[in-house]
Amino acid sequence: MCNAFGIVNFAGSNIHVEGMQDHRPIGAFSFLGRYRTIDFPISNMSNSGINHIEVFVKRNPRSLTEHLGTGRHYNINSKRGKLHILYTDDKLQSDLYNHDVSAFMYNMECIEKVPYPYVIIAPSYMVYSMDYSKLLEKHLESGADITILYQNVDTAKDEFMNCNVLNLNKQKGVLSIERNRGTAKNRNISLDTYVMSKELFMELVKKAAKFSSMYTLRDIIDDECSELDIRGIAHHGYVAAISDFKSYYDANMRLIDYETAQDLFAPDWPIYTRTNDSSPTQYYETSNVKKSVVSNGCEIEGTIENSVIGRGCIIKKGAVVKNCVILPGATIGEDVHVENAVVDKQAKIVRVKEVVAKVEEPAYVGRGDIL
Amino acid sequence: MRQNNMLAMILAGGRGTRLHALTKKVAKPAVFYGGKYRIVDFPLSNCANSGIEVVGVLTQYESVLLNSYVAAGQRWGLDAKNSGVYVLPPREKEDANLDVYRGTADAISQNIDFVDTFDPEYVLILSGDHIYKMDYSKMLSHHKACGADATIAVIEVPMKEASRFGIMNTDETDRIIEFEEKPEHPKSNLASMGIYIFDWKLLRKMLLADMVNPDSNHDFGKDIIPAMLKEDRRLYAWKFKGYWKDVGTIDSLWEANMDLLDKNNELDLSDPSWKIYTEDVTSTPHYIGENGVVNRAFITQGCVIDGEVKNSVLFTHAKVGKGAKVYDSVLMPDAEVGDGAVLHRVIVADGVKIGKGAVVGSADSEHIELISKRVKGVE
């Protein structure tokens, strides 16, 4: 049991994933074949003993609500616990006003009613494993008003673009929150994961809404850095921010390495997802698969190298799939060569025989497209 | 029950003695099959897919695991209101001492009160030991169309094998005129699949009589069906076409797994219109490493492969080390094959480890070897 409830927040307008995000929110993105990115924050919360989770959904809710269902598959207690899907105000004048603070305001009644004194807020566009009960423990020990989880990286020039960055003093006090514009290699990337009391959270949300109708949670916390005791706690291990198309591709590709994956999928930290009841994957005589992650329900006759294959994909004879992320239900036809690409759900590459992009700029094949 | 007024009873008490160590601590219906399933998933999924809402599972031999496994009815979608899987081990009753089920028919007799609470018109009797996909609603339609008192599902077997089965001799309208258990000189090749639909009122009466018959074995095949024929009841055969396998031995369990490797195999577990449901296991997709070679294989989530896998079925979390060779074999859940080990024609039981460099089984063995104990590695 954890004395906090969870909020899974949607990505702010600083984050946009070309192509894929047109079809679903980032939380609903297929990840490593069988998951969706939202499985990570929810599993983290569930494993941490958080039994009451509020998931905020901004737009295109269909795939996400279907995936989340009652939350039973996340091991949330069906009687004492709750997985609550909350929507943003649909009467907003413009999308600019549709941000987390307005969503929290719109659902303030639900938040007020939650019988837990602390809240853990985590984003749906980041993938990492973390025991939030330990984070809450550290937060309480320190006496801080707000604790923010961050990761120190030395790749900030190329990665985590537009993500939030914590400007920390030596005592890990947060001086300000900035955006990563790729100007320095070493940065403390905010994992947009906050711990605070429910009381303070509600107060800040109301304050932000009053101050500016475009203020987000991150903005008001940044403003409060001089007033409140806000501290950073470092996370170590695998972290991915799905902040643009390339980062989505890279986040998947990095997990092809089994050792790296062990860091995210610890044996005592299960990541739950919704079962699809697909059969095991069938490999035929001509299959040739190396260094890949393959989900259930596939039929494989071709060659796969250094790729992630989603559930229920068909890789035909003579096909070559190299450095690709193939989303569930896609078909790669006979003798088709696909290299350095993300192939979205249900797409069929059958008529063109070659889809090859540069590794620095992977190609995107749209959802359900027939090439 | 509203859908078809039929309740199913699955006989799941089988010991499966010839499966040796695989059934030492679990009943045969709980034995693993097909990479991610247990055998009992087949009748349960068939029930769910056929619109049957109430399923009783009769357990007896080593039932602890099986009882908790089948009780989680949501796995098969059997958890809506008025729907459910009921675990029915033998129990002590007001008017009788605690007794084991004395036979297949006795298992139902001892649960007449259970069936009565649902007041079904029809009762479907199934075996928990068989691998097949069947739409029982079609069988029920046939039962109704024939105006039958009982319908028995039959499958055509090769004539030379017919003497291993219970054989139904029918007239041109499929009415059963004679039933012969393992006949020396079979007159037909229609083998009983151990799947019966009965009118409950009639079956209830027959079971009550059977319970007190001192000469009875309390068995459907040996007692109830012959008694019905003697009474000139309307018994009909319903011909099933498709994959059906009773895996009684290590060899046949292995074979049934190997059947899945054929393209367009008859069982077709990937058919989205008739899915087989099972326990939802939390694990990553399977990993194939740099040294992995995988041909003709059926592999499920959680496996980690860095060796060669050919003609084999790998269950959840099976691991194949670097340079290991797994040929014509079945690795059950959590089985581990150490680096450089070589496997030919074996079933490795769940959780069993094969040490580095060990050589197990042989390519030209007559029978399949079951590896149920840790095999030490060789340096």
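Analyst: Let's start with a word we'll need: a residue is buried when its relative accessible area is under 20%. Keep in mind that this is a predicted model. In helix α7 of chain B, residues 220-230, the buried residues are B:F220, B:G221, B:D223, B:I224, B:I225, B:M228 and B:L229.

User: Why is A:H139 called buried rather than exposed?

Analyst: Set its value against the cut-off. A:H139 has 3% relative accessibility, and buried means under 20%, so A:H139 counts as buried. You'll find A:H139 in helix α5 of chain A, residues 132-142. Leaving aside neighbours within four places in sequence, A:H139 touches A:A144, A:D145, A:I146, A:T147, A:V195 and A:M196.

User: Back to α7(B). What makes B:D219 a cap, and at which end?

Analyst: B:D219 caps the N-terminal end of α7(B), with a side-chain oxygen 2.9 Å from the backbone nitrogen of B:G221. A polar contact needs N or O atoms within 3.5 Å, so 2.9 Å passes that distance test. After α7(B) comes B:D232, whose phi is positive, near 60 degrees.

User: What makes the meeting of B:K263 and A:E301 a salt bridge?

Analyst: The rule asks for a side-chain nitrogen of Lys or Arg within 4 Å of a carboxyl oxygen of Asp or Glu. The side chains of B:K263 and A:E301 come to 2.9 Å, N to O, so the pair fits the rule. Across the interface of chains A and B, the rule finds 3 salt bridges. There are also 23 residue pairs in polar contact, both partners at pLDDT 80 or more. On chain A's side, the elements giving two or more residues are α9 (258-264), β14 (281-283), β15 (288-290) and β16 (292-294). That side divides into 16 nonpolar, 12 polar and 9 charged residues.

User: How do you know how much area the two chains bury?

Analyst: The size of an interface is often given as the accessible area lost when the parts come together. Here chains A and B bury about 3,000 Å² between them, 48% of it on carbon and sulfur atoms. A:D277, A:P280 and A:Y283 supply 20% of the area chain A buries against chain B, more than any other three residues. Counting contacts, 37 residues of chain A meet 40 residues of chain B.

User: How do you know that β14(A) pairs with β15 of chain B?

Analyst: Pairing takes at least two bridges. There are 3 bridges between β14(A) and β15(B), residues 293-299, so they pair. The two strands run antiparallel, and the bridge partner of A:Y283 in β15(B) is B:A297.

User: And what makes β28 of chain A an edge strand?

Analyst: β28(A), residues 363-365, pairs on one side only, and β24 of chain B (353-354) does likewise. Those are the edges of an open sheet of 10 strands with mixed pairing. β28(A) is joined by 3 bridges to β25(A), residues 341-343, and the two run parallel. There, A:V343 stands opposite A:V365.

User: What makes β8 of chain B "mostly covered", and which strands does it join?

Analyst: In β8(B), residues 150-156, 6 of its 7 residues are buried. β8(B) has 6 bridges to β11(B), residues 190-199, running antiparallel, with B:A150 partnered by B:F198. Another 5 bridges link β8(B) to β12(B), residues 235-239, running parallel, where B:V154 has B:K239 as its partner.

Technical notes: Residues numbered from 1 in each chain as written. Chains lettered and ligands numbered in written order. Predicted model: local features only at pLDDT ≥ 70, side-chain atom pairs only at ≥ 80, totals over all residues. Heavy atoms only, no water. Contact = heavy atoms within 4.5 Å. Buried area = accessible area lost by both parts, 1.4 Å probe. Polar contact = N/O pair within 3.5 Å; in protein donor to acceptor, adjacent residues only side chain to side chain. Helix = DSSP H or I, 4+ residues; strand = E, 2+ residues; numbered from the N terminus. Nonpolar A, V, L, I, M, F, W, Y, C, P; charged D, E, K, R; others polar. Buried < 20%, exposed > 50% of the residue type's maximum accessible area, 1.4 Å probe, protein only.
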